[in-house]
Amino acid sequence: MTTTLEHPALPEPAILPDFTKPLPSREGDRIIQFREALREAMSEEMRKDSRIFLMGEEVAQYNGAYKISQGMLDEFGPLRIIDSPISENGFAGLAVGAAMYGLRPIIEFMSWSFSLVAADQILNNVPKMLYMSGGQWGCPVVFRGNDGAGGQLGSTHSWCVEGLYANVPGVKIVIPSNPYDAKGLLKTAIADPDPVFFLESERMLGDKAHVPPEEYYIPFGQAALLREGKDCTIVSFGRPVNFCLEADEALRAEGIECDVLDMRTIRPLDIDSIIASVKKTGRIVVVDQCWPFASVASEVVTQVIERAFDWLDHQPLRVNTEDVPTPYSKILEAEYLPNPRKIAAAVRKTLA
Amino acid sequence: MPSRTVYSASVEYLQIMDEEGHVDAKLAKDTLSDEEILKLYQFMVDCRQLDEIAFKLQRSGRMGTYPQNKGQEAAAIGSGYAAKKGVDFLVPCYRENAALFLHGLPMHYILLHWMGDERGNQIPEGVNMTPLSIPIGTQMLHATGIAWAFKLKKEPRVAITYFGDGATSEGDFHEAMNFASTLQVPCVFFCQNNQWAISVPRDQQMNSATVAQKALAYDMPTIQVDGNDLLAVHKASKDAIERARQGGGPSFIEAVTYRLADHTTADDARRYRDTKEVDAWIGKDPMIRLRKYLERKNLWSDEKQKAAEEKAKVFVADVVKAAETIEKPLISDIFDYTYAEIPEELERQKRTMRTSSLGQDPTQAGLAAEPSTY
Ligand SMILES: Cc1ncc(C[n+]2csc(CCOP(=O)(O)OP(=O)(O)O)c2C)c(N)n1
Ligand SMILES: [Mg+2]
């Protein structure tokens, strides 16, 4: 039995930007949507590696419930772009078996909210397979789909799974905030020998940004410093990063300048970049679209206290959602989520 | 518009060798030769001995827990022998040890597994099986995925997955069956209906007359066989496996058998099972009928039985020795297999055998220690 741990070395990227710096200028460059960036990442990898297939509900005929896989059935055919029965635990488990026999499945959950019915496979099998086989059976599956609230989908369809799933060792968790990162991170995820949970947001799929036509891979565990400032460190990941940038703009008008760190991946977590920034600013606000109790924000704050306690000039603050099920009402949902106003208020509080 | 039947089906039952060792000559024609039966019977003696010794190891504190296979050997061996060694894939739960051994798993690996040594799950090169699956039902989906990979790679292999009667109540079972049939993958679903799921009897587990009929919902070829009849199990398995190999898709087999021992060593079945029921099944033991068959053919005798048992004792003693004398793992080994490449944070924990909560830099706090053994 050949192990599934061998994977081709990543091709030399045509360009390797400094991933710690803000995005390259958009001017004169190609602008595409978030969903197109995801599609490009999958298609480019699938052209190179015949072991990769995409399976999920509505991914083939219908071109994806959110049109992410548009045109992929035509290009790759029904053996590699597969419409599955409505059976999340089923295709999650099937992916485990396929990966054990050397394939590289990409599994699309229509929403990460629905991954909960596949919990046994994705939490109890996927992350432990390598460990329980003494290093023999890896599980290189990419699970991806929409995560988070913001579209008036109600309590059961608005899950932010990162808080819950990040507790489990053995998986990598990726959560991009923009199309450029989404493409580079998804390509890395597909090439990665470990299982990866890739969290997208329905609210961002139409977002546009500069994405160079050349191939690139963004390494995991490397935060991006999107804004630089000496007053406070704002840490976030996924969609709320965009709210942090808005808050930062408002704060700059008041003369408050922040470091804004986009973590890009939660596991591995680039704690070193956070600590370096906190040692400079002495203040930190963590913005997280999950519930506050035992959230990723809680973990970041804990590690900051463990590693940079003496550098803190104010207690760390968190901006999470309220600790209640996600409301369906538009007005209530907007208030429930982290937003630029709450973030700016938290930063001001650390400086008061 | 008159009403009409849009679907009807039935389930066949197959027995070739009865409890007295009498064989239906016509049905037995293309099954196992007497040499094969003899060889497999001797192998059964070894497996039964291992089962007994594993039980004793647990009772004397040398093993965590152990689920005995006693009484179900014909089901495991008949099906395992029908699968091609080194070609087909076994995707087991935990009560078909003999099938795994037939495919080359060294016996002491099973002991290592139940002693809590993950090296028992490091399947040797050339042995086509996945590690034992303890969460009930999850492995059936893995088998479907492995079979899907065979199909995509156009390899003429078959996956055969094992599970109990209780496991067919799990969603995983139905999701795996549905996927296997919609994707038409080369997968054989082999149910060992041993009448019990811990203390829950089969008729409380399901209200279906047979387990086999569940496959009808997925339009899968299905059969119920006497699971204590080596020949019937072998024939049904061979048919299903070769059909799958030829592109005929998945099949289902219900092997009707009985768990002669407790569920595991943590259980005492006397508290919930009628001894009359157990006694009746002891008479149906797969080994008894094989022995009667062989004796009638003058291929077996009391002396041969004694010799075989003696041989098995010596053999199994060596197996136990192999499991108990393996070099102890390092405690720090626990960090090695969570990711393909050990992340920096885990590397730090491995170095210090402490969690990161012990301070800003555990190495400076004097907490670094050489990993010790246990
Ligand atoms: C998902 C899950 N639920 C419950 C259990 C606890 N459990 C272990 S074995 C068992 C009974 C299984 O019965 P069956 O499938 O008939 O197999 P048998 O043990 O009889 O061979 C149960 C309930 C488990 N391991 N996994
Ligand atoms: Mg049972």
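Student: In this predicted model, what makes the 5 strands β9-β11-β10-β13-β14 of chain A an open sheet?

Tutor: Look at the two ends of the order β9-β11-β10-β13-β14. The edge strands, β9 (224-227) and β14 (317-319) of chain A, each pair on one side only. Neighbouring strands of this sheet are turned by 25 degrees against each other on average, ignoring direction.

Student: And why is the pairing called mixed?

Tutor: Check the directions strand by strand. β9(A) and β11(A) run antiparallel, joined by 3 bridges. β10(A) and β11(A), on the other hand, run parallel, with 5 bridges between them. β10 (residues 232-236) and β13 (residues 284-287) of chain A are parallel too, with 4 bridges.

Student: How do you know that β9(A) and β11(A) count as paired?

Tutor: Pairing takes at least two bridges, and these strands have 3. You can find the register yourself: A:Arg227 stands opposite A:Val260 in β11(A).

Student: Which residues stand opposite A:Thr233?

Tutor: On the β13(A) side A:Thr233 faces A:Ile284, and in β11(A) A:Thr233 stands opposite A:Asp259.

Student: Why is β11(A) called largely enclosed?

Tutor: Buried means 20 or more other C-beta atoms within 10 Å. 5 of the 5 residues of β11(A) are buried, so this strand is largely enclosed by the rest of the structure. A:Cys258, A:Val260 and A:Asp262 point one way and A:Asp259 and A:Leu261 the other way, and all are buried. As for that split, side chains in a regular strand alternate between the two faces of the sheet.

Student: Which helices lie across β10(A)?

Tutor: One is helix α9 (residues 271-281) of chain A, which lies across β10, β11 (258-262) and β13 and runs at about 155 degrees to β10(A). Another is α10(A), lying across β10, β13 and β14, at about 155 degrees to β13(A).

Student: What is odd about the peptide bond from A:Arg267 to A:Pro268?

Tutor: Most peptide bonds are trans. The one from A:Arg267 to A:Pro268 is cis, with omega near -5 degrees. A:Pro268 sits in the loop between β12 (265-267) and α9 of chain A.

Student: What makes A:Asn63 and A:Lys67 worth a look?

Tutor: Their phi angles. Most residues other than glycine have a negative phi. A:Asn63 has a positive phi of about 65 degrees, and A:Lys67 has one of about 60 degrees. A:Asn63 is in the loop between β2 (52-56) and α2 (72-76) of chain A, and A:Lys67 is found in the loop between β2 and α2 of chain A as well.

Student: Why is A:Asn63 called partly exposed?

Tutor: Buried starts at 20 neighbours and exposed stops at 12. A:Asn63 has 18 C-beta neighbours inside 10 Å, so A:Asn63 counts as partly exposed. A:Lys67, with 16 other C-beta atoms within 10 Å, is therefore partly exposed too.

Student: How do you know that α3(A) has the span expected of a helix?

Tutor: At 1.5 Å a residue, its 13 residues should span 18 Å, and the end C-alpha atoms are 18 Å apart, so the two agree. α3(A) is also mostly covered, with 13 of its 13 residues buried. Just after α3(A), A:Gly102 takes a positive phi of about 95 degrees.

Student: What does α3(A) bring to the contact with chain B?

Tutor: The contact takes 36 residues from chain A and 37 residues from chain B. α3(A) gives the largest share of the chain A side, 9 residues. That side divides into 17 nonpolar, 15 polar and 4 charged residues.

Student: Over in chain B, why is B:Gln72 called buried?

Tutor: The cut-off is 20, and B:Gln72 has 28 C-beta neighbours inside 10 Å, so B:Gln72 counts as buried. B:Gln72 lies in the loop between α2 and α3 (73-82) of chain B. Leaving aside neighbours within four places in sequence, its contacts include B:Arg95, B:Gln192 and B:Thr257.

Student: Which residues are closest to ligand 1?

Tutor: The closest of the 16 surrounding residues are B:Ile136, B:Gly164, B:Gly166, B:Ala167 and B:Ala197. The shell divides into 8 nonpolar, 5 polar and 3 charged residues.

Technical notes: Residues numbered from 1 in each chain as written. Chains lettered and ligands numbered in written order. Predicted model: local features only at pLDDT ≥ 70, side-chain atom pairs only at ≥ 80, totals over all residues. Contact = placed C-beta atoms within 7 Å. Nonpolar A, V, L, I, M, F, W, Y, C, P; charged D, E, K, R; others polar. Near = placed C-beta within 6 Å. Axes fitted to C-alpha atoms, helices over the stretch in contact; angles between N-to-C directions. Expected span 1.5 Å × (residues − 1).
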